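Subject: Structure handover and findings

Hello,

Here is the structure you were expecting. Please open it alongside this note.

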Amino acid sequence: MIEEKKHKNYMSWLTLAMLDYVTIIGFEDIFFPFQNQGLSVVISWLFLLATYIIPYEMIVTQLGLTFKENEAGGLASWIRRGTGSDALGYATSWMYWAQTIPYLVDVSNSVIVAISWLILGNNTLSQHMSTFTFGLLTFVIILLFLVFENSYRKALDIMSLIGGIAMFSMSFIFVLLVAWALTHGAHMATPLTWSNLKPSFSLHYFSTTGLLIFAMSGAELAAPYVSRLKHPVRDFPKSMWALVFMTAFMTIFQTLGLAALFDTHNIPKDFKMNGSYYAFQILGREAGMGNTLMYVFAAVQLFFMLAQLAALVDAASRVFASDTASEYMPKWILKKNKSGRPVHSYMLTAGIALFLLLLSGTLPEINDIFNWLLNLNGIVSPYKTSVVFIAFLAIRYQQDKFKSDFVFIKNKKGALAVGWWCFLFTFACATMGFLPQEAQFGTQAWTNQLWMNIFSVLVLFGTGFLLPWLRKLEMKREAAAEVLSD
């Protein structure tokens, strides 16, 4: 059993669930697959929930409790301990950190969109702001929030709990209002017929599945906080099951709600960026509330996005500056301030974010920037998630060596089969995500976005190879200094 550590401030299992929920799935995450796959995404959600999400959450539970004494490193520590390779531990650290940056930029974009709806009350942001200004404001938000996160230690818990509860409440209200509208004379914009529900197994369909994984993954972010639970063995699985049920509610019922409001054959071009505001605008007017409901959602969305920034910056940076083979990373990256925050990794975060913003600035419209960054997340995030299953496979192949208070599938062959399925499916979806989703195949725009995807992923993951080289130079300087001092 896990010995309880004497912390003055424990984290409740609900706070942990909400912390993870904030980073995993938001109200708007359901809109992206709905635009890509239409009502048939319901079948995709059901399939993933049954064959992917439940195994994924339980795999994270076993990994988290197996390496409970190395909670600071999270996924990187799991890989390092499971494979016995410091190099793989470092590579995982970099991958985990790097894949967070497009999401940080995407969330910061969403902050600007939320503010624009609060001020303008409509979708005319692109008429009042150039793509350059949009990118500049996004970068300023990232910088300010990095400073804010580094200054207030307890901001994470408070913002995550409030933001998670508020957004889940808005999702619940959305479903209730749709049900109310349908019982008071409204009609389904997209009828629930088999022709609409039937998946179209095309190249486009498979290339967009990575966004579904992106929307539903991230449970491993809870790992660094296992030790902050008063009863980890009991409470950590409880948090993971809470995530499963919240995710199921969000994906299925919200998708059906969108089908009631929007015709999948005539979805607005800016649906991914503004669709959530359109939805509450429609429902508010149906209920005789005008735009009031939309303004309420915009305020909640703004706070929710800030909560996501808090959770992502904190958890990802803790993973990056952890116990994962520090010999591969220069000391300046690992340096922490008095509050225990890895401040220099925050600076690196800002630098990579600026690179992505400059690259996205080559696109013609704000909506194009928003969509491209979102689709980039559908590539890098699943690649990171696939590493979770590598860690699981590693410990199950050596299950006599790695004991845990929680075991997912006691039969070894069954556990390995599920682990391999999850890994291969995730890796395939990530690779298919390189194909541009908004541009037409064969056009110049499609080719440009394909190269942007390839170049971005190479930079995000590839620059991690520079750090070991810098560390070697650092060690040579240290050795030379020692010789001179002698």
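Below is what was found, from the whole chain down to single residues.

**Overall**

Please keep in mind that this is a predicted model. The protein has 20 helices and zero strands. It has 486 residues, and 58% of them count as buried. Contacts reach far along the sequence. Among those between residues at least 6 apart, 83% join residues at least 24 apart.

**Helix pairs**

Two packed helices are described by the angle between their axes and the distance between the axes. Three pairs follow in those terms.

*H4 and H5.* H4 covers residues 75-83 and H5 covers residues 86-120. Their axes come within 8 Å and cross at roughly 160°. That angle is over 145 degrees, so H4 is roughly antiparallel to H5. The crossing is right-handed. On the H4 side, the contact uses Leu75, Ala76, Ile79, Arg80 and Thr83. On the H5 side, the partners are Asp86, Leu88, Gly89, Thr92, Ser93 and Tyr96. By class, the residues of this contact are five nonpolar, four polar and two charged.

*H16 and H17.* H16 spans residues 343-360, and H17 spans residues 366-397. The axes of H16 and H17 come within 10 Å and cross at roughly 130°. The two helices are therefore oblique to each other. H16 passes H17 in a right-handed crossing. H16 brings Leu356, Leu359 and Ser360 to the contact. H17 brings Ile369, Trp372, Leu373 and Leu376. The count here is six nonpolar, one polar and no charged.

*H17 and H19.* H19 runs over residues 444-462. The axes of H17 and H19 come within 11 Å, with a crossing angle of roughly 45°. H17 and H19 are therefore oblique to each other. Their crossing is right-handed. From H17, the contact takes Trp372, Leu376, Ile379, Val380 and Tyr383. From H19, it takes Gln449, Met452, Asn453, Ser456, Val457, Leu460 and Phe461. These residues divide into nine nonpolar, three polar and no charged.

Note Trp372 and Leu376 of H17. They are listed in the contact with H16, and they are listed again in the contact with H19.

**Single residues**

*Asn377.* Is this residue of H17 buried or exposed? Asn377 counts as buried, because its relative accessibility is 0%, and the cut-off for buried is under 20%. A polar atom of the Asn377 side chain lies 3.0 Å from the backbone nitrogen of Tyr103. Which residues does Asn377 touch, leaving aside neighbours within four places in sequence? They are Gln99, Pro102, Tyr103, Asp106, Phe214 and Pro382. Tyr103 is thus on the contact list as well as in the 3.0 Å pair.

*Phe434.* This residue sits in the loop between H18 and H19. Its relative accessible area is 16%, so Phe434 is buried. Leaving aside neighbours within four places in sequence, Phe434 is in contact with Ile379, Tyr383, Leu450, Asn453, Ile454 and Val457. Ile379 and Tyr383 also belong to the H17 side of the contact with H19. Asn453 and Val457 belong to the H19 side. Phe434 and Val380 are 54 residues apart along the chain, with their C-alpha atoms separated by 9.6 Å.

*Ser217.* Look in the loop between H11 (209-216) and H12 (232-261). Ser217 is buried there, with a relative accessible area of 4%. How many residues apart in sequence are Ser217 and Glu57? The answer is 160, while their C-alpha atoms are 8.8 Å apart in space.

*Ile409.* This one is in the loop between H17 and H18 (412-432). Its phi is near 60°, a positive value in a residue other than glycine. Ile409 has a relative accessible area of 27%, so it is partly exposed.

**Where to start**

Begin with H17, which packs against H16 and H19. Then go to Asn377 in that helix. Finish with the phi value of Ile409.

Best regards

Notes: Residues are numbered from 1 along each chain as its sequence is written. This is a predicted model: local features need pLDDT of at least 70, side-chain atom pairs count only at pLDDT 80 or more; totals for chains, interfaces and linings use all residues. Side-chain values use heavy atoms; hydrogens and water are left out. Axes are lines fitted to C-alpha atoms, for helices over the stretch in contact, and angles run from 0 to 180 degrees between N-to-C directions. Helices (H or I, at least four residues) and strands (E, at least two) are DSSP runs, numbered from the N terminus. Angles under 35 degrees count as roughly parallel, over 145 as roughly antiparallel, 65 to 115 as roughly perpendicular and the rest as oblique. A crossing is left-handed if the near helix is turned anticlockwise from the far one by less than a right angle, and right-handed if clockwise. Contact means heavy atoms within 4.5 Å. Ala, Val, Leu, Ile, Met, Phe, Trp, Tyr, Cys and Pro count as nonpolar, Asp, Glu, Lys and Arg as charged, and the others, Gly among them, as polar. Buried means under 20% relative accessible area, exposed over 50%, partly exposed in between (1.4 Å probe, protein chains only). A polar contact is a pair of N or O atoms within 3.5 Å; within protein, one must be able to donate a hydrogen and the other to accept it, and residues adjacent in sequence count only if both atoms are side-chain atoms.
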